[in-house]
Amino acid sequence: MSLVTPITTPGRPEAMLPRPFRVVSQHRETPDTSTLEFEPENGHGLSFTPGQFTMLYVFGIGEVPISISGDPHRPGVLVHTVRSVGAVTKAIVGLGVGERVGIRGPYGMGWPVGAAEGKDLVIAAGGIGLAPLRPVIYDVLARRDRFAAVSLIYGSRSPADLLYPEELREWRSRFDLEVEVTVDRSDDGWLGDVGVVTGLLPRVPYDPAHAVAMLCGPEIMMKVVARELTHRGVSPHAIHVSLERNMKCAIGICGHCQFGADFICRDGPVLPYERVAEKLRVDEL
Ligand SMILES: Cc1cc2nc3c(=O)[nH]c(=O)nc-3n(C[C@H](O)[C@H](O)[C@H](O)COP(=O)(O)OP(=O)(O)OC[C@H]3O[C@@H](n4cnc5c(N)ncnc54)[C@H](O)[C@@H]3O)c2cc1C
Ligand code: FES
């Protein structure tokens, strides 16, 4: 099927049409990951909610789902952070300023930031999982007074694999955001923590009865953090995870991304842990 041919989705025939965007900046985050900013050729930006994703099409190579990692209060610039793992993501990471791609979306259900208002918020990220959570941090910091304690715990493979190091430093220096970072393997210059993200949970402030948690990273990391939070008294209903599955249409019709009763593109990617815990446990077996 051609990606530029509209399909007959009732009420939304335009949902499958990529729009032309151009790369306006490219920043190498780690050896295999880059953050790119895109601007639409027609001048209309994409409004999105934190946690949503787009389908990014590199002409002649293919199309992949990528979370939006930018500031929801700056919809004119579309920001994606991409790790090169295969043909399409390698091509995206290799894009230069001025190059053109096709983008459709935004799609999916994002993080329940509104439901976290008035509560303690625990954000837990592993590796590239910080990218879909960065818009939550921007959003929360833009109206910080509406939330109680807010903390970010973040783990990566090594210090060189940490995303957004300058922002991490800036966030760490704030008195109204608790930031704890750990790595699996240290290097000579690393004076911080070494170990798994769950080891950071006892250090951050939250009242389990009044906390909302948002987790994104490798599935094993999300399962371990969710179990630990549950063990500490946070309701599985208040824990949210962002899941990844192979996608094609991204609008809930092809079934490629089915996960139990849910289509990850339409019902997710962010889902309450209580809804997916059993299915994640079965997948583990
Ligand atoms: C909702 C959603 C949001 C995403 N957001 C981001 C993002 O912000 N940044 C980013 O870099 N990536 C993100 N991904 C993952 C990205 O879509 C995949 O890495 C991409 O589809 C791989 O395509 P490829 O052609 O480069 O590699 P392929 O040749 O398709 O795959 C290369 C290798 O990566 C594995 N792989 C493929 N897809 C995934 C996946 N979803 N998760 C884990 N391993 C995979 C394959 O099994 C294979 O081993 C997201 C995925 C989803 C579903
Ligand atoms: S990708 Fe087609 S239903 Fe989700």
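1. In this predicted model, the second largest pocket lies between domain 1 (13-107) and domain 2 (114-281), because both domains give residues to its lining. The space in this pocket comes to about 310 Å³.

2. Sixteen residues, written as 16 in the count, line the second largest pocket, and those nearest its centre are E29, R134, Y138, Y164 and E167. Two or more lining residues are contributed by each of strand 1 (19-30), strand 2 (33-40), helix 2 (130-142) and helix 3 (165-172). Sorted by class, the lining of this pocket holds seven charged residues, five nonpolar residues and four polar residues.

3. Turning to ligand 1, there are 19 residues around it, of which P65, T81, R83, T89 and E244 come nearest. Three polar pairs can be described in some detail: a nitrogen atom of ligand 1 lies 3.0 Å from a backbone N or O atom of S67, a nitrogen atom of the ligand is 2.8 Å from a polar backbone atom of T81, and an oxygen atom of the ligand is 2.5 Å from an N or O atom in the side chain of T89. Of the 880 Å² of accessible area that ligand 1 has on its own, the protein covers 66%.

4. The elements that supply two or more residues to the shell around ligand 1 are strand 4 (62-67), strand 5 (78-83) and helix 1 (87-93), and strand 4 provides the largest share, with four residues. Domain 1 (13-107) and domain 2 (114-281) each give at least three residues to this shell, whose composition by class is eleven nonpolar, five polar and three charged residues.

Terms used
Residues are numbered from 1 along each chain as its sequence is written. Chains are lettered from A and ligands numbered from 1 in the order in which they are written. This is a predicted model: local features need pLDDT of at least 70, side-chain atom pairs count only at pLDDT 80 or more; totals for chains, interfaces and linings use all residues. Side-chain values use heavy atoms; hydrogens and water are left out. On a 1 Å grid over the protein atoms alone, a cavity is a set of points where a 1.4 Å probe fits but cannot get out, and a pocket is an open set with protein on both sides within 12 Å along at least five of seven lines; lining residues have an atom within 4 Å of a point. Grid points are joined across faces, edges and corners, and a volume is the space filled by probe spheres set on the points. Ala, Val, Leu, Ile, Met, Phe, Trp, Tyr, Cys and Pro count as nonpolar, Asp, Glu, Lys and Arg as charged, and the others, Gly among them, as polar. Domain bounds come from an automatic or database domain assignment. A residue is near a molecule or strand if one of its heavy atoms lies within 4 Å of it. A polar contact is a pair of N or O atoms within 3.5 Å; within protein, one must be able to donate a hydrogen and the other to accept it, and residues adjacent in sequence count only if both atoms are side-chain atoms. Accessible areas come from the Shrake-Rupley method with a 1.4 Å probe; for residues, only the protein chains shown count as cover.
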